[in-house]
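Subject: Structure for your review

Dear colleague,

Please find below the structure that I am handing over to you, together with its sequence. A summary of what was found in it follows.

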Amino acid sequence: MDSLYDISCFAAGLAGNIFALALFLSPVTTFKRILKAKSTERFDGLPYLFSLLNCLICLWYGLPWVADGRLLVATVNGTGAVFQLAYICLFIFYADSRKTRMKIIGLLVLVVCGFALVSHASVFFFDQPLRQQFVGAVSMASLISMFASPLAVMGVVIRTESVEFMPFYLSLSTFLMGASFALYGLLLRDFFIYFPNGLGLILGAMQLALYAYYSRKWRGQDSSAPLLLA
């Protein structure tokens with residue numbers, strides 16, 4: 001029975017790692033454009049900085065001296081931190097102006113200091129189980145803010161009745177990752193994992209529902225156009 005439980009936990013966590021990888025790879029198209037243009041143009045570097053901070057905090061939560069048995073949380077967020085740092089470095093290198101470059105570097109320093117503050121505070125001021133609860137609460141708040149960020153895009157979809165700015169595979173990856181880690185958290189009985197990822201699952205499902213509705217509506221309008229012209 002225990003072996004089946006362990007296999008189920010591992011399978012759910014591994015699936016979450018795989019689906020998260022699709023999310024981490026999603027900005028590749030943007031950075032191909034930046035590399036080609038040798039300029040960041042009007043792209044904003046702040047989302048990558050926030051994502052880096054989120055990954056670092058969640059990585060810390062997954063380490064054995066904070067929350068034992070959460071290694072797959074550490075692996076996914078360690079991978080995410082590497083991707084976000086690579087994106088930020090490219091953003092700094094191709095920044096349009098020295099002012100933008102220094103701003104991103106300054107914010108990167110703040111991110112590192114913020115993570116250092118959380119990690120050191122958790123070690124020096126808290127023993128178990130308070131350490132896990134403290135870092136878990138911070139990581140949960142960070143995850144919820146990350147999952148809530150697409151709400152603005154969903155509003156744009158509703159206003160414009162167009163799914164142009166809400167890629168299907170990004171929404172699908174969010175849904176599948178949320179589902180996988182929500183199950184992983186439930187199996188571990190870890191509120192700090194299943195609650196924020198459960199919200200991610202719900203928001204991912206809402207994005208997919210919007211995509212299905214408005215993409216079908218757009219196709220219907222598009223297919224009716226020739227009839228009107230005739």
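A salt bridge is counted where a side-chain nitrogen of Lys or Arg lies within 4 Å of a carboxyl oxygen of Asp or Glu. Please note that the model is a predicted one. By that criterion, the structure holds one salt bridge. Its partners are Asp-190 and Arg-70, whose side chains meet at 2.7 Å, N to O. The pair links distant parts of the chain, with the two positions 120 residues apart in numbering. Asp-190 belongs to the loop between helix H8 (168–188) and helix H9 (191–229), whereas Arg-70 is in the loop between helix H3 (46–61) and helix H4 (71–93).

Are these two residues buried or exposed? Asp-190 has a relative accessible area of 3% and Arg-70 one of 11%. Buried means under 20%, so Asp-190 is buried, and Arg-70 is buried as well.

The second finding concerns the largest pocket, which has a volume of about 1,600 Å³. Its lining comprises 45 residues, and the closest to the pocket centre are Leu-23, Ser-26, Ser-51, Ser-149 and Leu-170. Several helices supply at least two lining residues each: helix H1 (2–25), helix H2 (28–37), H3, H4, helix H6 (130–148), H8 and H9. Of these, H3 gives the most, with nine residues. By class, the lining has 27 nonpolar, 15 polar and three charged residues.

Yours sincerely

Terms used: Residues numbered from 1 in each chain as written. Predicted model: local features only at pLDDT ≥ 70, side-chain atom pairs only at ≥ 80, totals over all residues. Heavy atoms only, no water. Helix = DSSP H or I, 4+ residues; strand = E, 2+ residues; numbered from the N terminus. Buried < 20%, exposed > 50% of the residue type's maximum accessible area, 1.4 Å probe, protein only. 1 Å grid on protein atoms, 1.4 Å probe; cavity = no way out; pocket = protein on both sides within 12 Å on 5 of 7 lines; lining within 4 Å. Points joined across faces, edges and corners; volume = space filled by probe spheres on them. Nonpolar A, V, L, I, M, F, W, Y, C, P; charged D, E, K, R; others polar.
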